[in-house]
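Colleague: Before we look at the model together, I would like to ask how its descriptive terms are earned. Please set each value against its definition.

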Amino acid sequence: LKPVLGCLLSLAILGCAPAPQRLMPTPSVVTLGLLDPAAGVAPDRQRTTGTVFIASDRALRSSAASAADPFTNSRSDALHLAVSEVTIGRGLEYGEMIEAAGRARGADRPIVEVEHTAVVGVLPAKVSLDLAAAEPWLARLNAELGAQSPGSDILIYVHGYNTDFRINTIRAAEFWHFRGRGGAVMSFDWPSRYRVIGYGADKANAAYAVRQLLELLAERTDAGRIHILAHSAGCPIVVDALRELRLRGSGLGGEEIRARFRIGQVALAAPDMDLMLFCNALLDGFDDLPERIAIYASQGDDVLQISGFLFGNDRLGLPVHDMTAWEAALVRRSAHTEIIDVTRADDVLGELMGHSYYRRNPWVSSDLLLLLGPGRSAAERGLVLDAESGFWQFPDDYLDRLGSLLGPEPSRGD
């Protein structure tokens, strides 16, 4: 049975070659006119193309076989630094794209595609880092940040298991667009192999690279804050990297280490992570680094149910009400951690296999937009606290609550 379920898991998480990608469904906060991603966009960004910065520990192809995807699915001993150009709205003018992107759903949504990717730097895996080869990439990143207001933010997207480089890059670009195109967006791309047996090794080898990346961004960029959106198997990579940073900075207090690394909001969407490992990371103080951690979990996540059966452990992104009293108390003790049960939002709007709700469900994507950047608390985002479990939920009148909290005036996403 486990081999069969392994095949199902592989197929469920984007195991096939990528089809043309259309822009994610418009978040409800945008369709309601409560947040306008086009308001205040700088003139030089009023175009259908955008830049996604890439950090990847995948190996490079031996030849330029693909201008859009220069990476293999094997590991590298270095962190490759690249820049991708992405088109949102192929064949459309900027105004036409904005109008089409504002519609809630539909087959005519703008097509998003990666046009070209150029590797412009590398960060060797050494104890004493030689940053000379990373300078061209850092210069472009700082120029992107400097084109905005001082202290612009970076949003890093960390994908899940068994995904395609181009789709990962597109996912980052989607959230950059709906956040108002401010700051810089980045995709951390790790070698998630197209086989279940490589799952654990791929995650373990990516955590060091993320830690290395966060150290580089903190020390060599002008970012005001660094936000992280991780999905599925990308979540334990992020948690492990933050845990390592906390242990390396064990002599620093909470405010000191936050000031050093400038980690803003961290969203863990449908985390495919052993619940006990997450609790251990809390005990090690990884939650000292971010301003806020939001964990999104669903009782309808069939993919994580299969994963839990395969690996024999409770998954962090599964029913949060099944936590033991000790686990629940540990999470509640963390002043910077919220757990959001998205089951009700899934029930209302529906989602195939319940695993990609972070971008397909307009309620959940709305919550992410209000979290990433603005840093609103769960209550300020229209969620309600379940008194029995201590976890946050989407109420039936969620859209009405958004209108009351945010008011009729549109605001920028960042």
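Modeller: What follows goes from the whole protein to two helix pairs and then to single residues.

Modeller: This is a predicted model, in which local features need pLDDT of at least 70 and side-chain atom pairs count only at pLDDT 80 or more, while totals for chains, interfaces and linings use all residues. Residues are numbered from 1 along each chain as its sequence is written, and side-chain values use heavy atoms, with hydrogens and water left out.

Colleague: How many helices and strands are there in the protein, and what counts as one?

Modeller: The protein has 15 helices and 12 strands, where helices (H or I, at least four residues) and strands (E, at least two) are DSSP runs, numbered from the N terminus. Buried residues make up 58% of the 414 residues, buried meaning under 20% relative accessible area, exposed over 50% and partly exposed in between (1.4 Å probe, protein chains only). Of the contacts with a separation of 6 or more, 80% are between residues 24 or more positions apart, a contact being heavy atoms within 4.5 Å.

Colleague: Why are helix 14 and helix 15 called roughly parallel to each other?

Modeller: The axes of helix 14 (residues 362-371) and helix 15 (residues 398-406) come within 12 Å and cross at roughly 25°; axes are lines fitted to C-alpha atoms, for helices over the stretch in contact, and angles run from 0 to 180 degrees between N-to-C directions. Angles under 35 degrees count as roughly parallel, over 145 as roughly antiparallel, 65 to 115 as roughly perpendicular and the rest as oblique, and helix 14 and helix 15 are therefore roughly parallel. Trp363, Ser366, Asp367 and Leu370 of helix 14 make the contact with Tyr398, Leu399, Leu402 and Leu406 of helix 15.

Colleague: What makes helix 9 and helix 11 oblique to each other?

Modeller: Helix 9 (residues 275-283) and helix 11 pack at an angle of about 40°, with their axes 10 Å apart, and by the angle classes they are therefore oblique. Their contact is made by Leu275, Met276, Phe278, Cys279, Leu282 and Leu283 of helix 9 and by Trp326, Glu327, Leu330, Val331 and Arg333 of helix 11. By class, this contact of helix 9 with helix 11 has 9 nonpolar, no polar and 2 charged residues, with Ala, Val, Leu, Ile, Met, Phe, Trp, Tyr, Cys and Pro counted as nonpolar, Asp, Glu, Lys and Arg as charged, and the others, Gly among them, as polar.

Colleague: How do you know that Ser334 is buried?

Modeller: Ser334 lies in the loop between helix 11 (325-333) and strand 10 (337-341), and its relative accessible area is 8%, so Ser334 counts as buried. Not counting residues up to four places away in sequence, Ser334 touches Leu282 and Asp287.

Colleague: Why is Ser366 called buried, and which residues does Ser366 touch?

Modeller: Ser366, placed in helix 14, has a relative accessible area of 0% and is therefore buried. Residues up to four places away in sequence aside, Ser366 touches Pro27, Ser28, Val29 and Tyr398.

Colleague: What makes Leu405 partly exposed?

Modeller: Leu405 lies in helix 15, and its relative accessibility is 43%, so Leu405 counts as partly exposed. Apart from neighbours within four places in sequence, Leu405 is in contact with Ala379, Glu380, Arg381 and Gly382.
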